[in-house]
Amino acid sequence: MPTIAVMARVFSGMKPTGDATLGSLLGALRPWVDAQNADAYYCVVDLHALTIPHDPAELRRQTIELATMFMAVGIDPEVSTLFVQSYVHEHTELAWLLECTASFGELRRMTQFKDKSENSDFVSAGLLTYPALMAADILLYDTEEVPVGDDQRQHVELTRDVAERFNNRYGPTFTVPKAVVQRSGARVMDLQDPTRKMSKSDDSTAGTILVLEDLASVARKIKRAVTDTEYDPKRPGAANLLSILGASTGRNPDDLAQDYSQYGPLKSDVTDAVTAVLEPIQQRYRELSADPTTIAKIVEAGAEKAQIAAAATLDRARRNIGLVVRGEA
Ligand code: AQP
């Protein structure tokens, strides 16, 4: 398992585009908890949710729900900073400077852009420029490490390229961050189609496990997960179950693979392990969601703290790129 350096400056975010899945929990939220420190920033990236069609009332509801989920999983706002992206206007402002630093060609090559634009009637310009906003999110906090699932590795690579280009062109401005990706759980696959990533805005309900899902339904879905007739730990369905089990128990999936010769016992152990992970989170979520006013105050306070760091970086970037500073002309 990759280790996060002690007290590294950490930033990561999640879009409020649907209910958190087992994939986002194992690939991102749990690693975030492990990486918590006074220099860790965790953000509900609501502006990214605007890149695809959305319902405004749903977005508002899901934003506070996702902040509640961060805390239910174990993000402690007394330790790290938890906030909502759109509260800190520096994100969109820096994004413009970075859109003018990234090239059209590199944005167009992003796998997520290609996947999400492929079968859409309406492809927003924001879907193309999304990685520049994500780069701004990360770079504003002088971030050293970005804990993400495997699918976001490419966007962090682009962030590195853009930061280096900006620093080369305009002088030292940004810390160049690196992605930290778990070995197991980095890409949890759909249980019905293990060649496809489990995603929260997907309609594959039978193949997706939600963090807040009824545990009997979770057990049914794992039991019905697509596998082959003969046990083969290398096949996608089996590899996915072993990766989920590894991420849930902290054990190495390659070692776990040796413990089984049939799918029945494997599925039963995956169910127990996933239940043990989800149960306390669901309990904590129920307690926290009874008091949304407190959550709203926490994200407000988090945004105030985040803005102090963000404003300093934006000021540096504005000066270095050549914008005249108001009152100093
Ligand atoms: N299946 C997954 N396995 C491991 N990690 C995952 N993540 C998401 N799905 C899996 C990680 O969780 C974080 C969530 O990021 P996001 O919500 O901003 O965007 P995403 O990666 O596009 O997640 P989804 O669930 O696929 O959202 P939609 O469907 O709205 O696009 C990231 O660190 C991601 O790697």
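Here is a walk through the open spaces of this structure and the ligand held in one of them. Keep in mind as you look that this is a predicted model.

Let's start with a simple idea. Rolling a probe the size of a water molecule over the atoms shows where empty space is left. With that picture in mind, we can visit the spaces one by one.

The largest pocket holds about 1,300 Å³ of space. Its lining counts 50 residues, and Gln112, Lys116, Asp151, Lys197 and Ser199 are the ones closest to the centre. Several elements give two or more residues to this lining: strand 1 (10-14), helix 1, helix 5, helix 6 (125-139) and strand 4 (145-147). Sorted by class, the lining has 19 nonpolar residues, 19 polar ones and twelve charged ones.

So where is the ligand? You will find the ligand in this largest pocket. A shell of 22 residues surrounds the ligand, and those that come nearest are Lys116, Asp151, Lys197, Lys200 and Ser201. Try tracing the helices here: helix 1 (22-34) and helix 5 (111-118) each bring at least two residues to the shell. Helix 1 gives the largest share, with four residues. As for the character of the shell, six of its residues are nonpolar, ten are polar and six are charged.

Now zoom in on single atoms. In the side chain of Lys15, an N or O atom is 2.9 Å from an oxygen atom of the ligand. Gln112 also takes part through its side chain, with a polar atom 3.2 Å from a ligand oxygen. Gly149 uses its backbone instead: one of its backbone N or O atoms lies 2.9 Å from an oxygen atom of the ligand. How much of the ligand's surface does the protein bury? Taken alone, the ligand exposes 640 Å², and the protein buries 99% of that area.

Next comes the second largest pocket, with about 240 Å³ of space. Among the residues lining this pocket are Arg183, Ser184, Pro233, Lys234, Asn252 and Asp254. Helix 9 (236-249) and helix 10 (253-257) each supply at least two residues of the lining. By class, the lining of the second largest pocket divides into five nonpolar, four polar and three charged residues.

Our last stop is a cavity. The count comes to one cavity of 30 Å³ or more. About 110 Å³ of space lies in the largest cavity. To find the largest cavity in the model, look for its lining residues, including Gly18, Asp19 and Ala20, then Gln62, Glu65, Leu66 and Met69, and further along Leu210, Val211, Leu212 and Tyr285. Which element gives the largest share of this lining? That is helix 2 (residues 56-73), which contributes four residues. The lining of the largest cavity has seven nonpolar residues, two polar ones and two charged ones.

To finish, turn back to the ligand in the largest pocket. Find Lys15 again and follow its side chain to the ligand oxygen 2.9 Å away, then look for helix 1, the source of four shell residues.

Key
Residues numbered from 1 in each chain as written. Predicted model: local features only at pLDDT ≥ 70, side-chain atom pairs only at ≥ 80, totals over all residues. Heavy atoms only, no water. Near = heavy atom within 4 Å. Polar contact = N/O pair within 3.5 Å; in protein donor to acceptor, adjacent residues only side chain to side chain. Areas by Shrake-Rupley, 256 points an atom, 1.4 Å probe, with all protein chains shown as cover. 1 Å grid on protein atoms, 1.4 Å probe; cavity = no way out; pocket = protein on both sides within 12 Å on 5 of 7 lines; lining within 4 Å. Sits in = over half its atoms within 2 Å of the grid points. Nonpolar A, V, L, I, M, F, W, Y, C, P; charged D, E, K, R; others polar. Points joined across faces, edges and corners; volume = space filled by probe spheres on them.
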